[in-house]
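Let's take a walk through this structure together, going from the ligand outwards to the strands, the rings and a couple of backbone angles. Keep the viewer open as you read.

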Amino acid sequence: VNHSFVHLLQDILPADALLTSPAECLVYGYDNSRRQAMPEAVALVETEQQVIDIVRLCYTRNIALTARGRGTGTTGATVPTHGGIVLSFERMNKILRIDADNRVMVVQPGVTNQQVQDAAAQHGFFWAPDPTSAAYCTVGGNLAYNSAGPRAIKYGSCRENTLGLRAVTGEGDVIKCGVYTTKGVVGYDLTRLIIGSEGTLAIITEATLKLIPKAETKRTFMAVYNSMDAAARAVSHIMAQAITPCALEFMDENAINMVREYAASNSHTNLPQQAGALLMIEVDGSHAHIDAEIQSVDAAARVAGHIATHHAITRQEIDALWQTRKALSPCLRKIAPKKINEDIVVPVSRMAELINELNRLSAHYQIPIVNFGHAGNGNIHVNLLVNPDDPAAMHSAEKCLEAVFDLVISLNGTLSGEHGVGLEKRDFIYKELSANEIKIMKAIKQQFDPHNILNRDKTLPL
Ligand SMILES: Cc1cc2nc3c(=O)[nH]c(=O)nc-3n(C[C@H](O)[C@H](O)[C@H](O)COP(=O)(O)OP(=O)(O)OC[C@H]3O[C@@H](n4cnc5c(N)ncnc54)[C@H](O)[C@@H]3O)c2cc1C
């Protein structure tokens, strides 16, 4: 990026929307992967026309372009490893329309997930994707990573809850994909293709989100088991009956012991000593039916190996139950601030096999592994507790990670449920995708982004 290019950018953007000093650019060069790189300029875009003009400039000059929401992503997709321009969407953050009659909200990409939830709630609705980072992360980032949270088990992720998009390709062409209706099959499904593409195919400039009415009420309970086998069987039983919980989270024995040992004492008052795994279960529905529905799920959760169930009714009781689960992240941060955190997925019926095998790998490589996550989706956060400053431990961890990924694929699973590929998992995706699939994906990338300027070298193997 030379002076004449900066002048051209200045013609597109207002004076306060172009950052070029290293001190200002530095803070747009990292994400939650702890990787860091230096962009040469940051454009704080506010309109689709500015996006088009900047993409066209970069296209003609082959300059790398990285879209950025708020940099909370965990796999490095928003780190500008080729320098170039970062397009930050923090100022393009308007809710353009709430159309309650059609259960639709139209937004700009820089709006935060929480702003969407707050605006939808005023009309009795919510948008299903619920990452824990909702207060900070943007809809653009959510869509690019197909992010989700506990609600995905019942309500799905971004792909199931986005009707359409406007986006700008790597050539600077605007495309409008998807529909404004709840049905539609005209043309290829570019909406689902762009969602989850990590900013490598097109820059999203507008999204039409599908809203869902909030349930009247919700009930929460915790079920404790003597082993992960028992908890995994309970998950399969729960998922086989008619009532789908709106959250079905789990913690394994190591996670429970960690909370018992390191968290404030009120986080584990409900945990019996012999707990080998626990499930946190929430069911939402109507006042008229919730009692019967919670009974149905509770009955399904009582498999052999079930030790105890704690139901919560009041807000205080609900908070007390979730405290065990919420205590986990601070505990992990305290014990292993630089842990390796994966988010693999296996079919729910194979979760017990996975956890048993992870315990074997943990013993073999001498690396403590703590597992928790979204059991209803079989989406497990596998945490390898290592110190990155210890080269021998890191060498072991790399070997262990490779074995974890092989294990996941052998169980018919996938390498990432919600955190994406970015740079962190790029060199492993050949384990899941064959050369034929990668060939088609590279051809698609070439169609959308002929000069390879959008998020260069991310997501697909080099
Ligand atoms: C404390 C914490 C908790 C988290 N919890 C969860 C969780 O529960 N579930 C979950 O799934 N994730 C979680 N995450 C990860 C992260 O919050 C999500 O991936 C989130 O969607 C990223 O949003 P962002 O705005 O920060 O995007 P960024 O990190 O800035 O960018 C992410 C990707 O989106 C692309 N992008 C951004 N805007 C656009 C656009 N307009 N057009 C095209 N591409 C674009 C970027 O290029 C990049 O590839 C968590 C992270 C943290 C730090």
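A residue is taken to be near a molecule if one of its heavy atoms lies within 4 Å of it. Bear in mind as we go that this is a predicted model.

With that cut-off, 32 residues surround the ligand. The closest of them are Ala 67, Thr 72, Ser 133, Ser 147 and Ala 148. Sorted by class, the shell around the ligand holds 12 nonpolar, 16 polar and four charged residues.

Now zoom in on the oxygen atoms of the ligand. Thr 72, one of the closest residues, places a polar side-chain atom 2.6 Å from a ligand oxygen. Backbone atoms take part too: a polar backbone atom of Thr 132 is 2.9 Å from an oxygen atom of the ligand, and for a polar backbone atom of Gly 141 the distance to a ligand oxygen is 3.5 Å. How much of the ligand's accessible area does the protein cover? On its own the ligand has 990 Å² of accessible area, and the protein covers 89% of this.

Which elements give two or more residues to that shell? They are β3 (65–68), α5 (139–145) and β10 (202–210). The largest share comes from α5, with five residues.

Next, let's turn to strand β13, which spans residues 247–252. Six of its six residues are buried, so the cut-off of under 20% relative accessible area is met along the strand. In a regular strand the side chains alternate between the two faces of the sheet, and it is worth looking at each side in turn. On one side of β13 you will find Ala 247, Glu 249 and Met 251, and on the other Leu 248, Phe 250 and Asp 252; all are buried, and both faces are covered.

What does β13 pair with? Strand β14 (residues 277–285) pairs with β13 in the antiparallel sense over six bridges. Strand β17 (residues 369–374) also pairs with β13 in the antiparallel sense, over two bridges. Phe 250 is a handy residue to click on here: its bridge partner in β14 is Leu 279, and its bridge partner in β17 is Gly 373.

From strands we move on to rings. A pair of aromatic rings is described by the distance of the centres and the angle of the planes. The model has two aromatic pairs. One of them joins Phe 126 and Tyr 155, with 5.0 Å from centre to centre and 80 degrees between the planes. The pair counts as edge-to-face because its angle is over 60 degrees. Phe 126 sits in strand β7 (residues 125–126) and Tyr 155 in helix α6 (residues 152–155), so the pair links distant parts of the chain, 29 residues apart. Are these two rings' residues buried or exposed? Phe 126 has 6% relative accessibility and is therefore buried, and Tyr 155, at 16%, is buried as well.

Finally, have a look at two backbone angles. Arg 103 is not a glycine, yet its phi is positive, at about 55 degrees. You will find Arg 103 in the loop between β5 (95–99) and β6 (104–107), where its 43% relative accessibility makes it partly exposed. Thr 459, also a residue other than glycine, has a positive phi near 75 degrees. Thr 459 lies in the segment after α15 (435–448), and at 13% relative accessibility it counts as buried.

Methods:
Residues numbered from 1 in each chain as written. Predicted model: local features only at pLDDT ≥ 70, side-chain atom pairs only at ≥ 80, totals over all residues. Heavy atoms only, no water. Polar contact = N/O pair within 3.5 Å; in protein donor to acceptor, adjacent residues only side chain to side chain. Areas by Shrake-Rupley, 256 points an atom, 1.4 Å probe, with all protein chains shown as cover. Helix = DSSP H or I, 4+ residues; strand = E, 2+ residues; numbered from the N terminus. Nonpolar A, V, L, I, M, F, W, Y, C, P; charged D, E, K, R; others polar. Buried < 20%, exposed > 50% of the residue type's maximum accessible area, 1.4 Å probe, protein only. Pairing = 2+ DSSP bridges. Phe/Tyr/Trp six-rings, centres within 6.5 Å; stacked < 30°, edge-to-face > 60°.
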